[in-house]
Amino acid sequence: MSMIGVDVGGTFTDVVAIEDGQIKTVKVSTDVRNTHLAVLEGAREAGVENATVFNHASTHGLNAVITRRLPKIAFLTTLGHRDILDIGSSYRPLDALTDASWRRGFGDAMRPLVPRYLRRGIRERLKTDGSALIPLDEAHAREELAVLRKCGVQGVSICLINAYVNPAHEQRLREIVHEELGADIPVSISSETSPLAKEWARASTTTIDVFMKLIYHDYTKKLGDGLREQGFTGDFNYANCAAQLLNADIAMEQPFEIVFAGPAAGTMASAHFGKLIDRGNLLCVDLGGTSCDISMVSGGDPYVNTTFLLEHDLIVNALSNEVESIGAGGGSLVTISPSGEVLVGPGSAGADPGPACYGKGGTQPATTDTLIMMGVIDPKTFAGGRMSLDPALSERAFHDLDAPQLSLHQRVNYAFNIGINNIAEGVTNIAIKHGIDPRDYSLVAFGAAGPMLLPACLDLVHARDVIVPPHPGLFSALGLVSSDQVYGDSRSSYVMLTHEAADSINTIYAQMEAKLRERFDDTAANVEFVRSMDARLAGQTWETPFVSVPSGEITAEKVDEMIETFHQVYESRAGNRFDGLPVQAVTYRVEAVIKVDKVDYPRLEKGDGALLKPESTFELRYLTDEPVTAGRYQRETFKAGDRIEGPAVIHEALSTTFMLPGQVAEVGEYGELRITRA
């Protein structure tokens with residue numbers, strides 16, 4: 001059986017193929033305008049014609065939202081509420097609390113997702129119990145749709161107030177849309193897309209879903225046709241925002257779930273590999289060319305949220321691995337501030353024109369240029385030898401910085417140390433946010449630039465060690481062959497957890513599981529259903545998510561078990577316990593898990609634990625006042641138990657590991673490098 005995983009990044013598209021226990025890796029430049037072309041090129045080089053499974057994490061839809069290259073759609077809601085998409089949740093970022101000029105990025109004053117003239121109110125109103133206060137005015141709906149027909153909308157998002165309790169009005173309105181605008185026009189209704197309380201999150205999720213239907217329908221067709229032309233006849237899966245796999249056809253039913261898949265795949269790969277090496281607490285750092293994505297694994301499981309943000313306040317109701325991104329990577333630009341300070345990032349050179357050393361017209365130095373100047377990157381073997389870099393262009397770019405007060409040595413040294421501190425600050429912020437002690441966690445360094453920069457962060461973060469996994473340059477793509485197929489459903493209903501509520505809760509879970517079973521036909525017997533709920537103490541505004549719920553029929557005894565479980569989870573997260581307060585369940589969730597084959601990392605031949613001698617040496621410049629001699633090693637020659645002392649550079653096909661003086665690396669059983677202080 002052969003599996004292929006493809007992860008599209010801002011600079012490179014990473015492809016891994018697993019066949020007969022061997023891992024083959026391919027890295028190609030991302031075509032930012034036609035991302036499917038890079039995917040197809042990588043698939044061809046990986047031998048997709050022999051694959052039985054093709055798993056893909058796509059950023060195609062995410063890029064469309066960020067750049068606002070979006071199709072024209074309409075938004076229908078209850079009369080008087082059309083500005084939901086302008087107002088959002090009204091939260092401001094911390095640095096804009098006192099900024100009178102700040103505007104929400106998707107608001108009407110900036111770059112709206114749906115312009116106001118395409119947002120129409122429909123006369124109707126449901127009460128909180130689902131009964132109709134104002135019946136759906138079908139004549140009024142047809143009048144508004146007549147306007148939208150003239151505007152040439154390509155899709156329609158429908159989010160009516162309280163529709164998550166009673167979907168009747170939304171379902172009928174969808175029928176009217178198809179009658180007036182055509183049977184083929186994509187329509188998403190909130191009661192199916194996101195049947196959860198809180199209308200802003202429902203509205204934004206449903207709107208994103210319509211965009212993704214339009215965007216991914218064409219993308220999936222082009223990709224599917226291209227794969228078939230190359231001889232692929234296996235299963236085509238997308239990864240969702242928690243890096244769980246969905247059949248491509250099923251994913252297209254609610255494609256909002258796959259919009260943020262790429263960053264989550266690295267977390268899944270880290271969790272899977274961490275179980276192999278008995279490391280359950282991990283701070284995962286995916287450092288590529290454009291951004292640094294930081295996530296966390298605790299007790300062997302990724303930290304999962306019930307929502308995620310595409311940009312500030314643009315919320316999507318989908319389970320997702322929590323990933324924080326900062327503007328740091330191999331392409332981070334080195335600039336000089338008006339006051340003469342050296343700055344690194346958040347701007348990036350990207351793939352085009354790229355860092356100055358690429359020779360594609362870039363004139364500003366980037367972190368890649370910094371590492372070339374230091375001697376860390378070998379210009380002849382960069383990106384597996386696919387690209388030849390020009391050190392002279394790097395030096396010229398640093399000379400051209402407008403910083404007459406700084407010598408060349410200072411410019412390069414400051415650029416390296418400031419870039420390192422930016423990454424360390426991002427990791428530390430995650431640790432503080434979750435209240436963890438970094439000394440209990442290992443840093444997992446992956447992405448093309450991760451192994452080069454993360455070891456230098458070790459003393460700043462105070463982590464246990466740095467782990468460089470096998471194939472770090474394509475490790476996120478390995479996350480796509482480290483996951484199970486998972487299909488989920490959720491819905492909201494405000495219910496106090498009492499014995500009398502057992503029947504209503506049982507009905508909710510039974511309906512969701514029955515709906516999921518319809519997808520599996522004869523395979524339903526092999527599906528594991530996992531239940532959870534989001535609940536809160538009576539009077540609270542926000543819920544405690546992912547409280548486990550027992551399987552089987554919900555009885556009075558199981559309601560008592562749910563209450564006790566809630567109090568235990570609440571105490572573990574908040575530090576307090578309030579047994580005397582009633583518990584209210586808000587959101588009910590079911591995941592159907594289908595176990596699939598995963599990547600199996602081969603074990604290395606055991607060595608004698610000796611300290612290895614370098615294959616060659618080089619002059620490490622600009623790190624200290626005087627150049628120091630450092631060793632160069634080839635990772636493919638290592639055996640389990642081998643040790644390497646820094647300063648050292650360890651080369652492999654698609655990545656480079658850089659160790660500072662005073663650090664030592666030990667090669668693990670599966671070829672991982674465990675870097676600690678000597």
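Me: At what angle do helix α2 and helix α7 pack?
Reply: Heads-up, this is a predicted model where local features need pLDDT of at least 70, side-chain atom pairs count only at pLDDT 80 or more, and totals for chains, interfaces and linings use all residues. Residues are numbered from 1 along each chain as its sequence is written, and side-chain values use heavy atoms, leaving out hydrogens and water. Helix α2 covers residues 60-67 and helix α7 residues 199-229 (DSSP runs numbered from the N terminus: H or I, at least four residues, for helices; E, at least two, for strands). Their axes (lines fitted to C-alpha atoms over the stretch in contact; angles run from 0 to 180 degrees between N-to-C directions) are 9 Å apart, and the packing angle is about 125 degrees.

Me: Which label does that give α2 relative to α7?
Reply: The two helices pack at about 125 degrees. Under 35 degrees is roughly parallel, over 145 roughly antiparallel, 65 to 115 roughly perpendicular and the rest oblique, so α2 relative to α7 is oblique.

Me: Which hand does the crossing have where α2 passes α7?
Reply: The rule: if the near helix is turned anticlockwise from the far one by less than a right angle, the crossing is left-handed, and if clockwise, right-handed. The crossing of α2 with α7 is right-handed.

Me: How many nonpolar residues are in the contact of α2 with α7?
Reply: On the α2 side you have H60, G61, A64 and V65, and they meet I208, M212, I215, Y216 and Y219 in α7 (contact means heavy atoms within 4.5 Å). By class (Ala, Val, Leu, Ile, Met, Phe, Trp, Tyr, Cys and Pro nonpolar; Asp, Glu, Lys and Arg charged; the others, Gly among them, polar), there are no charged residues and 2 polar ones. The nonpolar count is 7.

Me: How many charged residues does the contact of α4 with α5 have?
Reply: The axes of α4 (residues 138-151) and α5 (residues 168-181) come within 10 Å and cross at roughly 45 degrees, which means α4 is oblique to α5. The crossing is right-handed. E138, A141, R142, L145 and R149 of α4 touch R172, L173, I176, V177, E179, E180 and L181 of α5. No polar residues take part, nonpolar ones number 6, and the charged count is 6.

Me: Which hand does the crossing have where α10 passes α12?
Reply: Helix α10 (residues 367-374) packs on helix α12 (residues 408-434) at about 125 degrees, axes 9 Å apart, so the pair is oblique. As α10 passes α12, the crossing is left-handed.

Me: Which residues of α12 make the contact with α10?
Reply: The α10 side offers T370, L371, M373 and M374. By class, the contact has 7 nonpolar, 1 polar and no charged residues. From α12 come L408, V412, A415 and F416.

Me: What area do domain 1 and domain 2 bury between them?
Reply: The domain assignment (automatic or from a database) gives domain 1 as 70-209 and domain 2 as 485-594. Their C-alpha centres are 29 Å apart, and 6 residues of domain 1 contact 8 of domain 2. Carbon and sulfur atoms carry 55% of the buried area (accessible area, 1.4 Å probe, lost on putting two parts together, summed over both). The total is about 610 Å².

Me: Where is P346 placed?
Reply: P346 is joined to G345 by a cis peptide bond, omega about 0 degrees. P346 sits within residues 342-348, which form strand β22.
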